[in-house]
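Reader: I would like to learn how to read a protein structure. Could you show me the model and walk me through some of its features?

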Amino acid sequence: MRRPGRSVTVTDSNVDSLYADRLDASLRRAGFDSVRYVFPAGEKSKNAGTLISLLNFMAESKLTRTDTVFALGGGVTGDLAGLAAALYMRGIGLVQVPSTLLAAVDSSVGGKTAVDLETGKNLAGAFYQPDLVICDTETLKTLPDTEFSNGCAEVIKYAFIRDAELLGLLDRNAGIDEIIYRCVSIKRDIVISDERDTGERQLLNFGHTFGHAIEKYSNYLIPHGSAVAIGMTVMTAAAVKQGLCNKDCLDALTKILHEYNLPVRTEYTANNLFDAVLSDKKRKQETITLVVPRRLGFCELIKVTLGEAREFLQLGLKG
Ligand SMILES: NC(=O)c1ccc[n+]([C@@H]2O[C@H](COP(=O)([O-])OP(=O)(O)OC[C@H]3O[C@@H](n4cnc5c(N)ncnc54)[C@H](O)[C@@H]3O)[C@@H](O)[C@H]2O)c1
């Protein structure tokens, strides 16, 4: 961890009034000279315009290479502030302070940062590891139920790719600390083995290829966690129809998603969504790697042609 210097607390308009004063007071006590950048809450702010505005603010605030960005908030804040930290003077300190379940279990660890472009989600980004992640689970107490559910979608993803027992923990509503610990441990192990997302790390994208397309097509009205829930269901339904996985797996998935008030269907068609699927970062020219469930707790990466990917999408959307 770097020594205290200047810092910028980056946060959104909701989290600002809840926790930013407390964080800044704590930073001042620790010797930081802290400034604050607040942007309007929501995925629509995760764009190049906000990124440039934040970078300008950092420059005007005279941050230097030895200073630190504190990303206080959910995944939108973490991705945006993380990318700004990676770009500003070719990289300054970064501390992630997640305040949503989704950010705690997923986006605050692993070092992926990005903003969305007009053509697709997370298309401009960098791998940039935080120096530190500070997760205070007390902040989750103010999280609206819908946002807690969105975070559960990523927990359910971990259960399906690696750790079926997590479903039991969610069912029993075990302590949230243990759930976060197990998810972060899975992510740590996967990221250590494949930081740059060329192999095993792609498993973490279960439900995301179709999920990102749904998010984008809805003009970001469908939040990330909900879109991933639909994306996982579509992929699993397609896998069942292709004989790649047992129907029990689909039943377990839809049951747990229902319990957490997460959607499992969309009215969008393959025609609506396939353009956005083509922007997926797992695409390599004429092929794309899909994350396909084989049984509860185990997914496989399967490289398919774009035609086959479209067929998966069509089959899965039929339910
Ligand atoms: N970098 C990664 O590895 C990675 C992984 C998964 C998701 N993501 C990204 O994360 C984003 C989604 O993250 P998210 O679901 O946290 O969205 P978000 O950051 O928009 O937060 C959701 C909502 O909760 C509010 N909020 C945050 N903390 C709160 C609190 N403690 N109390 C009350 N309200 C609070 C926010 O203001 C916002 O309205 C997407 O952009 C997605 O692409 C990134």
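Author: Gladly; we will look at helix packing and then at salt bridges. Please keep in mind that this is a predicted model.

Reader: How are two packed helices described?

Author: In general, two packed helices are described by the angle between their axes and the distance between the axes. Here, take helix 5, residues 145–161, and helix 9, residues 224–241. Their axes lie 7 Å apart and make an angle of about 40°. Helix 5 is therefore oblique to helix 9.

Reader: Is the crossing of helix 5 and helix 9 left-handed or right-handed?

Author: Helix 5 passes helix 9 in a left-handed crossing.

Reader: Which residues in helix 5 and helix 9 meet?

Author: From helix 5 come Asn150, Ala153, Glu154, Ile156 and Lys157. On the helix 9 side, they meet His224, Gly225, Ser226, Val228, Ala229 and Met232. Sorted by character, the residues of this contact are 5 nonpolar, 4 polar and 2 charged.

Reader: Thanks! Now to charges: what should I look for there?

Author: As a general idea, side chains of opposite charge can pair when their charged atoms come close. In this model, a search of the whole structure finds 22 salt bridges.

Reader: Where in the chain are Asp106 and Lys187, which meet in a salt bridge?

Author: Asp106 is in helix 4 (residues 101–107), while Lys187 is in helix 7 (residues 176–193). With these positions 81 residues apart, the pair links distant parts of the chain. The N to O distance of this salt bridge is 2.6 Å. Both Asp106 and Lys187 are buried.

Reader: How far apart in helix 5 are Lys157 and Glu154?

Author: They are 3 residues apart, so about one helical turn separates Lys157 and Glu154. Their side chains meet in a salt bridge of 3.0 Å, N to O. Lys157 and Glu154 are both buried, and both take part in the contact with helix 9.

Reader: What about Lys255 and Glu259 in helix 10?

Author: Helix 10 covers residues 247–259. Because Lys255 and Glu259 are 4 residues apart there, they too are separated by about one helical turn. Their salt bridge is 3.1 Å, N to O. Glu259 counts as partly exposed, because its relative accessibility is 39% and that class runs between 20% and 50%.

Reader: Which residues are linked in a network of salt bridges?

Author: Glu43, Lys46, Asp79, Asp116, Lys121 and Glu215 are linked in this way. Try finding them in the view above.

How values were computed: Residues numbered from 1 in each chain as written. Predicted model: local features only at pLDDT ≥ 70, side-chain atom pairs only at ≥ 80, totals over all residues. Heavy atoms only, no water. Axes fitted to C-alpha atoms, helices over the stretch in contact; angles between N-to-C directions. Helix = DSSP H or I, 4+ residues; strand = E, 2+ residues; numbered from the N terminus. Parallel < 35°, antiparallel > 145°, perpendicular 65-115°, else oblique. Left-handed = near helix turned anticlockwise from the far one by under 90°. Contact = heavy atoms within 4.5 Å. Nonpolar A, V, L, I, M, F, W, Y, C, P; charged D, E, K, R; others polar. Salt bridge = Lys/Arg side-chain N within 4 Å of Asp/Glu carboxyl O. Buried < 20%, exposed > 50% of the residue type's maximum accessible area, 1.4 Å probe, protein only.
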